[in-house]
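Work through the following exercises with the coordinates open, and try each task before reading its solution.

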Amino acid sequence: MNKPEFDAKALTVKSLALRKVVLDMIMKSGGGHIGGDFSVMDTLVTLYFDQMNVGPENQDDPNRDYLIMSKGHSVESYYAVLAAKGFFETETVVNEFSQFGSKFIGHPNNELPGIEMNSGSLGHGLPVSVGMAIACRKENRPSRVYTVMGDGEVAEGSVWEGFMAAGHYKLSNLCAVVDRNHLQISGTTEQVMTHENLHAQIESFGWNVIETEGNDIAKLHEAFEQAKTVTDRPTCIIANTIKGYGGGEIMENKAAWHHHVPNKEEYEEIVKALEAKKEGVLHE
Ligand SMILES: Cc1ncc(C[n+]2csc(CCOP(=O)(O)OP(=O)(O)O)c2C)c(N)n1
């Protein structure tokens with residue numbers, strides 16, 4: 001597969017447009033985790049459109065790259081990105097998301113193309129990714145395994161078993177991302193389960209840790225490139241993000257938007273904020 005030239009501006013515009021797809025899915029279905037969708041969108045866009053060797057053309061090739069969307073409640077952003085990548089039609093996802101009888105259920109469903117694992121019960125993605133990375137190494141595959149977690153999710157004990165095992169086995173083909181938006185379902189991560197020393201904690205399990213701006217695609221690109229140069233340890237990218245990023249003042253950095261369906265006025269404000277951000281990027 002030919003790798004496209006990295007273009008941070010084009011990917012940022014794409015990422016803003018895909019937030020509008022998420023918004024439409026949530027408006028139509030009447031439910032969804034919009035805050036975490038908007039914070040993690042830039043990570044997913046960078047992975048699928050810059051970093052990973054995977055698409056509909058090689059989805060069954062064992063040598064593809066693998067992604068586990070461990071923070072499965074952010075499924076709307078995941079579906080929107082997979083649709084943009086060509087795994088299915090965007091229109092189908094928007095119309096069918098969370099509708100009775102649809103396969104586009106409210107958490108990732110591996111009956112759909114492009115989805116490696118059902119997720120949504122937090123804490124399982126990293127341990128499964130460890131197994132996949134070990135299998136890839138045993139079979140000498142060039143694959144990289146990515147897992148995307150939330151910072152509330154890392155309160156799950158199984159995540160730390162995953163960190164421990166990956167460090168032990170020096171899985172340099174594994175890269176975890178923590179979407180560090182500092183909020184989880186009911187408040188700040190510091191209130192619910194503190195992670196003030198997250199960087200040092202993960203490092204102490206034998207990982208290479210990179211902290212970066214998670215809503216800046218150029219910075220994410222640099223971090224993923226750097227991760228690939230580390231050959232003796234797994235890498236964790238702590239992506240510092242803003243929950244609701246791109247949706248403007250009404251929704252950014254507000255725990256109440258973890259799962260909130262905008263009313264008509266809020267919808268219009270969010271669309272305006274996304275448009276303004278896009279104009280800003282285009283005229284940088
Ligand atoms: C095992 C488990 N416990 C509880 C939940 C309910 N839950 C859904 S989302 C969420 C908060 C997750 O916070 P975070 O990982 O920070 O997600 P983000 O802020 O990025 O959306 C919780 C507790 C769950 N999905 N799985």
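**Exercise 1. Overall fold**

How many helices and how many strands are there in the protein chain? Determine also whether its radius of gyration agrees with that of a compact globule.

Solution. A word on conventions comes before the steps. The model is a predicted one, in which local features need pLDDT of at least 70 and side-chain atom pairs count only at pLDDT 80 or more, while totals for chains, interfaces and linings use all residues. Residues are numbered from 1 along each chain as its sequence is written.

Step 1: the protein chain has 10 helices and five strands, where helices (H or I, at least four residues) and strands (E, at least two) are DSSP runs, numbered from the N terminus.

Step 2: the radius of gyration, taken over C-alpha atoms, is compared with a globule rule of 2.2 Å times the number of residues to the power 0.38. Because a compact globule of 284 residues would have a value near 19 Å, the 18 Å of the protein chain agrees with the rule. The C-alpha trace spans about 50 × 45 × 45 Å along its principal axes.

Step 3: of the contacts in the protein chain with a separation of 6 or more, 76% are between residues 24 or more positions apart; a contact here is a pair of residues whose C-beta atoms, placed from the backbone, lie within 7 Å.

**Exercise 2. The nonpolar core and helix H3**

Which residues in the largest nonpolar core touch the most other members, and what covers the buried residues of H3?

Solution. Step 1: a residue is called buried if 20 or more other C-beta atoms lie within 10 Å of its own, exposed if 12 or fewer, and partly exposed in between, with the C-beta atoms placed from the backbone. By this criterion, buried residues make up 48% of the 284 residues in the protein chain.

Step 2: a nonpolar core is a set of buried Ala, Val, Leu, Ile, Met, Phe, Trp, Tyr and Cys residues joined through C-beta atoms within 7 Å. The largest such core has 73 residues, of which Val45, Tyr79, Tyr146 and Ile237 touch the most other members. Helix H2 (residues 34-51) gives the most to this core, with nine residues. In soluble globular proteins, nonpolar side chains tend to be buried together.

Step 3: helix H3 (residues 75-84) is mostly covered, since nine of its 10 residues are buried, and Tyr79 is one of these buried residues. The elements that cover them include helix H1 (8-29), H2, strand S1 (66-69) and H4. Leaving aside neighbours within four places in sequence, Tyr79 is in contact with Val93, Phe97 and Phe104.

**Exercise 3. The ligand shell**

Which residues are the closest to the ligand, and how does the shell around the ligand divide by class?

Solution. Step 1: a residue is near the ligand if its C-beta atom, placed from the backbone, lies within 6 Å of it. There are 22 residues around the ligand, the closest being Gly36, Gly150, Gly152, Glu153 and Gln184.

Step 2: Ala, Val, Leu, Ile, Met, Phe, Trp, Tyr, Cys and Pro count as nonpolar, Asp, Glu, Lys and Arg as charged, and the others, Gly among them, as polar. The shell then has three nonpolar, 14 polar and five charged residues, and its largest share, three residues, comes from H2.

**Exercise 4. Strand S5 and its partners**

Which residue in S5 is the bridge partner of Thr212, and which one stands opposite Val178?

Solution. Step 1: two strands pair if DSSP finds at least two bridges between them. S3 and S5 pair in the parallel sense over six bridges, and Val178 stands opposite Ile238 in S5.

Step 2: strand S4 (residues 208-213) also runs parallel to S5, joined by six bridges, and here Thr212 has Ala239 as its bridge partner. Strand S5 (residues 235-240) is mostly covered, with five of its six residues buried.

**Exercise 5. Backbone and loop residues**

Is Ser98, which has a positive phi, buried or partly exposed? Ask the same of His124.

Solution. Step 1: most residues other than glycine have a negative phi, and most peptide bonds are trans. Ser98, although not a glycine, has a positive phi of about 60°, and its place is in the loop between helix H4 (90-96) and helix H5 (125-138). Because Ser98 has 18 C-beta neighbours inside 10 Å, it counts as partly exposed.

Step 2: His124 is found in the loop between H4 and H5, and is buried because 21 other C-beta atoms lie within 10 Å. Not counting residues up to four places away in sequence, His124 touches Ser70, Ser119 and Ser158.

Key
Contact = placed C-beta atoms within 7 Å.
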